[in-house]
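This report describes the fold of one protein chain, beginning with its sheet and ending with its overall dimensions.

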Amino acid sequence: MTGVARSGGRWWRPHSLRTQLLLWLITLHLGAAVLTAWFSFVAYGNLVHNSMDEQMRLVAESYAGSDPMKTPRPMDGEAAFSRGTFIVQIWSADGHTLRASSWPVLAVPLQASPGFNDVNTGAHAQSSWRVFTAEPGQRADQPRVQVLQNEDYRRRRALRRALLEGLPITLLLPLALLILWIIVSAASRSLRAVARDVASQDERSPTELSLARVPEEIAPLVGAFNNLLSRVRSAFATQRRFVQDAAHELRTPMAAIGLQIENLRAHVPAGEATERFNQLEAGVTRAQHLIEQLLNLSRQDAPQRSAAGERVDIEVLLRESVSQLMVLADARRVDIGFEGGIAAVVFAPAAELRSVFDNLIDNALRYAPEGGVVDVRLHRVDGHMVVDVLDNGPGIPQAEIARVFDRFFRVPGSAAGGSGLGLAIARTAAERNGLRIELRNRTDGLGLMARVHLPAAS
Ligand SMILES: Nc1ncnc2c1ncn2[C@@H]1O[C@H](COP(=O)(O)OP(=O)(O)O)[C@@H](O)[C@H]1O
Ligand SMILES: [Mg+2]
């Protein structure tokens, strides 16, 4: 399974839908809260202003109309500033002398123009005052009345009200974020499930992705993907059938040609003709090998082809493989040795395991020089069981070592006779059964070491 994007961990991901939604939601919510508060500040501020002005006027009139004039009830600064209590001043008719005041500390003179005024005394931090000065009475000696209220108190009231209005929206924000988080998490979970489905696909036989539990918005994407998968599947099947049919069709005539060549051998005159004849024979053998490898390959590609696993003793299997390839070793005068000694059992189809080791040993024998040495070793490395196939050939240039597993890839200049399919077949068979092939150029001299890691449970 290849890397499936996970979206846990950091919540700040500039390309994540979740981050963007969250950011927008927070911005919108805070914006709405601020706007609401501001509107309510303005609207409620006006309301408070007008109604308090009205009350001030009523209080002033009630004093001015009383006969004899009422005395203002004494109060303190605390009442003026924190409760916004009205301060009532009674002035002499000429407006020069303050006869009585509910809070004498406050030094605001009688305003020249009757009605409402805003006055700043500068004596206090909260020194703005709303002042209502009553009109002079009809009688010349009638005292003048002036009512004052702290301006900051009014502003604070409006502000408190505004904040209260904005509060519900702000309080709803965490809830909205939580809901959004849950919805987006669920959506991204199902996306990840789809991604996992895709990642775990076997490229040889892709299966449809399930549409269950996929959000409606993503369903078309999954549907389109399924469509693509089914086309890939059929293209793959067509290609595999073609290779299989072609190889099959070639096998019989090629076998016939091989027979004819064998029959001809006795009749070939000595000299240059024998030389040519040998080349012809080698070519036919090579073609037969290629056809066999192609058939192996297309058989491997067949979907749901699961040969029954069995308990395979690796040492026995390796001995069989070596003895079967002895013909090739003899032909090339390669000294092949086998070293076993540990008990290794793998549960897998024996034919597939054979194709892993046959291909590796075949390569070692083919690419070792004439008269070279090949060693097959079953042993333990760091506690894990491995099979090493060592030769003393040229090895593989480091840059090509990953590519030799590709189908039809051969290192330029390799000895004739190969198809370029052996390692591809070996690797597929290995992977399918939990084995791992590792190619390494030998550090203890010239040559290649092919190491097969056996499954841990073996
Ligand atoms: N033991 C080896 N020593 C040197 N080169 C090797 C060895 N095994 C494989 N190769 C290189 O890897 C290529 C691919 O191997 P393979 O897939 O078995 O195809 P083939 O052997 O049919 O060419 C070979 O053509 C060869 O160039
Ligand atoms: Mg080969």
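In the chain, 5 strands form an open sheet with antiparallel pairing, in the order 2-1-5-4-3. Strands (E, at least two residues) and helices (H or I, at least four) are DSSP runs numbered from the N terminus, and two strands pair if DSSP finds at least two bridges between them. The edge strands, strand 2 and strand 3, each pair on one side only. Neighbouring strands of this sheet are turned by 25° against each other on average, direction ignored.

This is a predicted model, in which local features need pLDDT of at least 70 and side-chain atom pairs count only at pLDDT 80 or more, while totals for chains, interfaces and linings use all residues. Residues are numbered from 1 along each chain as its sequence is written, and chains are lettered from A and ligands numbered from 1 in the order in which they are written.

| Strand | Residues |
|---|---|
| strand 2 | 98–101 |
| strand 3 | 115–120 |
| strand 4 | 128–133 |
| strand 5 | 144–150 |

Strand 3 and strand 4 pair in the antiparallel sense over 6 bridges, and S128 in strand 4 is the bridge partner of N120.

Helix 1 (residues 17–64) lies across strand 1, strand 3, strand 4 and strand 5, and runs at about 150° to strand 5; axes are lines fitted to C-alpha atoms, for helices over the stretch in contact (C-beta atoms, placed from the backbone, within 7 Å), with angles from 0 to 180 degrees between N-to-C directions.

The secondary structure of the chain comes to 9 helices and 12 strands. Along its principal axes, the C-alpha trace spans about 160 × 45 × 45 Å.

Notes
Contact = placed C-beta atoms within 7 Å.
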